[in-house]
Amino acid sequence: MRIPLSSPDITADDIEAVVSVLRTPRLSIGPKMEEFERSIADLVGVPHGIAVSSGTAGLHLCLRALGVGEGDEVLLPSFTFIAAGNAVLYERARPVFVDIEPRTLNLDPGQLERSITPKTRAIIAVHTFGHPADLDPIMDIARKHGLPVIEDACEAIGARYRGRPVGGIGDLGVFGFYPNKPITTGEGGMVVTRDSQMAVTIRALRNQGRMESDGWLDHRLLGYNYRLSELNCALGLEQIKRIDDILDRREALAIRYSEELQGMPEVIPPPLEIRDGRVCWFVYVVRVENRDTIFKRLTDQGIGCARYFAPLHRQPLFAPYLNPRDDLKITEQVAGKTLALPFFNRMTTEQIHEVCCTLRGAVRPKT
Ligand SMILES: Cc1ncc(COP(=O)(O)O)c(C=O)c1O
């Protein structure tokens with residue numbers, strides 16, 4: 001691609017941090033993991049951070065630690081990445097899809113309560129594209145029904161909802177550090193929580209079911225190897241030092257995009273304003289008619305883009321879980337229109353201009 005969809009931002013310091021771990025004998029379960037866990041927990045303002053091998057692993061462990069199991073129902077948006085839905089299926093629970101708000105594309109709190117049944121065991125609120133979900137009403141409904149909330153903040157490191165960092169508002173939060181994310185560890189994730197008991201359980205589950213006090217060959221729980229290596233943690237630690245600059249830079253890029261798109265009514269930009277909060281600009285997603293045609297025209301011209309998201313309820317994997325009571329009107333309306341444009345830390349304003357010129361040509365082809 002002439003201009004890629006995303007691109008990791010790796011500095012000389014990042015490389016040195018990883019290489020220096022290779023000069024030590026501790027390549028896993030060591031000081032870098034502890035430091036990385038502390039730095040993310042501090043960023044979020046909670047006591048516990050548990051590094052895991054991916055965001056998906058983190059979501060899985062949250063559901064497992066909450067005791068979600070066969071026949072239980074978990075509420076989540078259909079308009080999201082596959083990981084949250086998969087984590088529900090790993091535990092043989094049933095995903096129940098809730099519709100989204102048309103503006104932010106996040107879970108619509110007004111649609112949540114009608115989907116709660118006696119079988120509901122948890123709610124997954126996703127901060128879609130790094131835009132904070134409307135957590136106050138979501139938490140009110142969850143508390144009223146005694147349900148835990150997992151924040152899927154995989155796309156939203158550093159985002160703030162009404163002045164509070166996302167991830168630490170629900171009962172459990174999960175971040176992701178795949179290379180397309182603003183902060184990367186190569187592969188990796190982090191569970192954050194205020195709940196000390198949950199933290200103990202999740203730590204054991206990610207490490208083959210060993211409690212902290214157990215020896216290497218003591219296993220009390222059915223656990224997993226969902227650990228994150230010292231190399232990944234060293235990279236994350238180095239990257240997280242730059243979080244403020246990275247978020248500022250990405251916000252400036254988003255504003256630039258929206259300026260460039262003024263005067264192109266065929267392309268609807270994402271909302272820039274947010275009340276008393278902060279977006280973590282993970283991707284820049286516009287809405288266009290004839291999205292698939294535009295997608296092809298752009299990729300044919302070397303502009304990396306993606307059809308974020310293909311809703312879960314349309315995936316064959318999830319077809320058996322569809323319920324006639326699921327009303328996914330907004331999801332259906334927007335899912336065929338959303339298009340993620342190239343977006344990465346080191347993107348230049350010239351590249352944004354080039355993407356927007358190519359986009360203009362794609363939505364207004366010469367006949
Ligand atoms: C909203 C959301 N949840 C979960 C994940 C899963 O994270 P990972 O790829 O680290 O497993 C992603 C990853 O892109 C995501 O975008």
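**View 1. The ligand occupies the largest pocket.** This is a predicted model, in which local features need pLDDT of at least 70, side-chain atom pairs count only at pLDDT 80 or more, and totals for chains, interfaces and linings use all residues. Residues are numbered from 1 along each chain as its sequence is written, and side-chain values use heavy atoms, with hydrogens and water left out. A pocket is an open set of points on a 1 Å grid over the protein atoms alone, with protein on both sides within 12 Å along at least five of seven lines. A molecule sits in it if more than half of its atoms lie within 2 Å of its grid points. The volume of the largest pocket is about 470 Å³. Here a volume is the space filled by probe spheres set on the points, which are joined across faces, edges and corners.

**View 2. Lining of the largest pocket, 25 residues.** Phe-81, Ile-82, Ala-83, Glu-155 and Lys-181 lie nearest the pocket centre. Lining residues have an atom within 4 Å of a point. Helices α3 and α4 (82-90) each supply at least two of them. Helix α3 gives the most, with 3 residues. Helices are DSSP runs of H or I with at least four residues, strands are E runs of at least two, and both are numbered from the N terminus. By class, the lining has 13 nonpolar, 8 polar and 4 charged residues. Ala, Val, Leu, Ile, Met, Phe, Trp, Tyr, Cys and Pro count as nonpolar; Asp, Glu, Lys and Arg count as charged; the others, Gly among them, count as polar.

**View 3. The shell around the ligand holds 13 residues.** A residue is near the ligand if one of its heavy atoms lies within 4 Å of it. Gly-55, Thr-56, Asp-152, Glu-155 and Lys-181 come nearest. Helix α3 (residues 55-65) gives the most to this shell, with 3 residues. The shell divides into 5 nonpolar, 5 polar and 3 charged residues.

**View 4. Polar contacts to oxygen atoms of the ligand, including one from Thr-56.** A polar contact is a pair of N or O atoms within 3.5 Å. A polar side-chain atom of Thr-56 lies 2.4 Å from a ligand oxygen. For a polar side-chain atom of Lys-181, the distance to a ligand oxygen is 2.6 Å. Gly-55 uses a backbone N or O atom, 2.8 Å from an oxygen of the ligand. The protein covers 92% of the 380 Å² of accessible area that the ligand has on its own. Accessible areas come from the Shrake-Rupley method with a 1.4 Å probe.

**View 5. The second largest pocket has about 300 Å³ of space.** Its lining counts 18 residues, with Ile-29, Met-33, Arg-206, Asn-207 and Glu-212 nearest the centre. Helices α2 (31-44) and α7 (196-206) each give two or more residues. The largest share, 4 residues, comes from α2. By class, this lining has 6 nonpolar, 3 polar and 9 charged residues.

**View 6. The largest cavity holds about 140 Å³ of space.** A cavity is a set of grid points where a 1.4 Å probe fits but cannot get out. The whole structure has 2 cavities of 30 Å³ or more. Of the 15 lining residues of the largest one, Thr-104, Phe-129, Pro-270, Pro-271 and Val-285 lie nearest its centre. Strand β10 (residues 284-287) gives the largest share, 3 residues. The lining has 9 nonpolar, 4 polar and 2 charged residues.

**View 7. The second largest cavity has a volume of about 80 Å³.** It is lined by 14 residues, and Ser-7, Pro-8, Pro-179, Lys-181 and Arg-250 are the closest to its centre. This lining has 5 nonpolar, 6 polar and 3 charged residues.

Terms used: Polar contact = N/O pair within 3.5 Å; in protein donor to acceptor, adjacent residues only side chain to side chain.
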